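Open the model in your viewer and keep the selection panel at hand. The stops below run from the whole chain to a single residue pair.

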Amino acid sequence: MPENATNQNQNQNQNQNQNQNQERSDVSVLGLGQMGSRLAQAFAAAGHTTTVWNRTAAKADTLVVQGASRATGVDAAVSASPLVVVCLPDYATVRDVLAPVAENLRGRTLVNLTSGTPQEATRMADWAAGHGVAYLDGAAMSGTRLVGRPEALFVFSGSEHAFAAHREVLAGLGNSVHLAADPGLAPVYDTALFGLAWGALSGFYHALALAGAAGVEPTTFAAVATQHMPFVTSLMADHARQAEEGRFPNDDGTVEVHAAAIEHLAHTSRSHGLRTDVPDLFKTLLERAVADGNGASGIAGVIETITEGERNA
């Protein structure tokens with residue numbers, strides 16, 4: 001057999017073997033920053049064959065040692081698996097990376113765990129649909145620390161069929177929740193839940209400083225504060241129901257009562273030499289609610305002040 005024919009057969013066999021190996025990959029992860037690396041580790045730890053790619057190839061070294069397969073390029077990474085997960089700095093980078101290999105994506109599911117806006121998610125979903133790609137937008141709501149554990153929350157929106165088809169693999173990340181078919185809903189939850197976390201933590205940091213000014217050790221205060229939080233979360237559930245009904249009974253105190261309590265918090269904080277940025281924020285919100293005529297409503301009535309502000313903006 002001529003040498004050229006032999007080499008051609010060898011190349012064909014190598015390509016066939018490579019394609020067979022790629023077909024056995026359950027998921028490909030593109031982007032191996034702090035979050036992307038944790039995603040790949042979680043998939044592999046859950047027993048899913050995982051292909052990884054990053055512009056800086058060395059970032060895949062640890063993952064390869066842990067059992068992942070390194071793709072030589074984006075095209076190879078995309079072709080390796082029916083499920084392609086991207087976690088890159090922004091949506092523009094996602095488009096730049098995927099546009100040259102759009103045909104390779106056809107018939108696959110793209111899961112985008114890049115942070116962005118609802119508008120960007122909708123545009124990305126339209127781009128995917130135009131190339132025959134099922135699309136899920138998503139957000140990791142528990143940071144990198146919990147990825148792969150049952151308590152890690154991941155929210156997804158977009159193709160219900162794609163989520164159902166890949167539910168088992170996505171469950172390797174943690175508690176994976178599908179919100180709705182609207183791809184822009186995951187970024188809404190992403191920012192809303194981070195806002196909730198920042199608000200809660202801001203209150204906690206101020207509380208920690210106030211207790212510390214009275215000589216209480218941070219961990220001692222936290223031990224009591226965490227016991228208080230189930231009550232706070234129960235208020236969230238009840239006040240969400242009130243918001244749906246548009247009725248705000250004052251069982252948990254009126255806006256005016258809470259405004260007086262906030263003033264006590266601000267006064268006590270000042271007397272200990274603390275800044276009052278956090279209580280002042282709450283005080284401003286409550287004063288606006290009173291000015292809007294919601295002073296006699298239950299504390300959840302401030303929701304209407306916030307939403308009216310959006311309507312009047």
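The tour starts with the chain as a whole and then moves into its sheet. This is a predicted model, in which local features need pLDDT of at least 70, side-chain atom pairs count only at pLDDT 80 or more, and totals for chains, interfaces and linings use all residues. Residues are numbered from 1 along each chain as its sequence is written, and side-chain values use heavy atoms, with hydrogens and water left out.

**Whole chain**

Select the C-alpha atoms and align the view to the principal axes: they fill a box of roughly 95 × 45 × 30 Å. The radius of gyration of the chain is 25 Å, whereas a compact globule of 313 residues would have one near 20 Å; the value is taken over C-alpha atoms, and the globule rule is 2.2 Å times the number of residues to the power 0.38.

Colour by relative accessible area next. Buried residues account for 36% of the 313, buried meaning under 20% relative accessible area with a 1.4 Å probe, protein chains only.

**Secondary structure**

Switch to cartoon: the chain has 14 helices and eight strands, where helices (H or I, at least four residues) and strands (E, at least two) are DSSP runs numbered from the N terminus.

**The sheet**

Select the eight strands. They form an open sheet in the order 3-2-1-4-5-6-7-8, with mixed pairing. Strand 3 (69–70) and strand 8 (175–178) stand at the edges with a single partner strand each, so one side of each has no neighbour in the sheet. Two strands pair if DSSP finds at least two bridges between them.

Finally, select residues 153–158, which are strand 7; this strand and strand 8 pair in the parallel sense over four bridges. One place to zoom in is Leu-153, whose bridge partner in strand 8 is Asn-175.

Conventions
Buried < 20%, exposed > 50% of the residue type's maximum accessible area, 1.4 Å probe, protein only.
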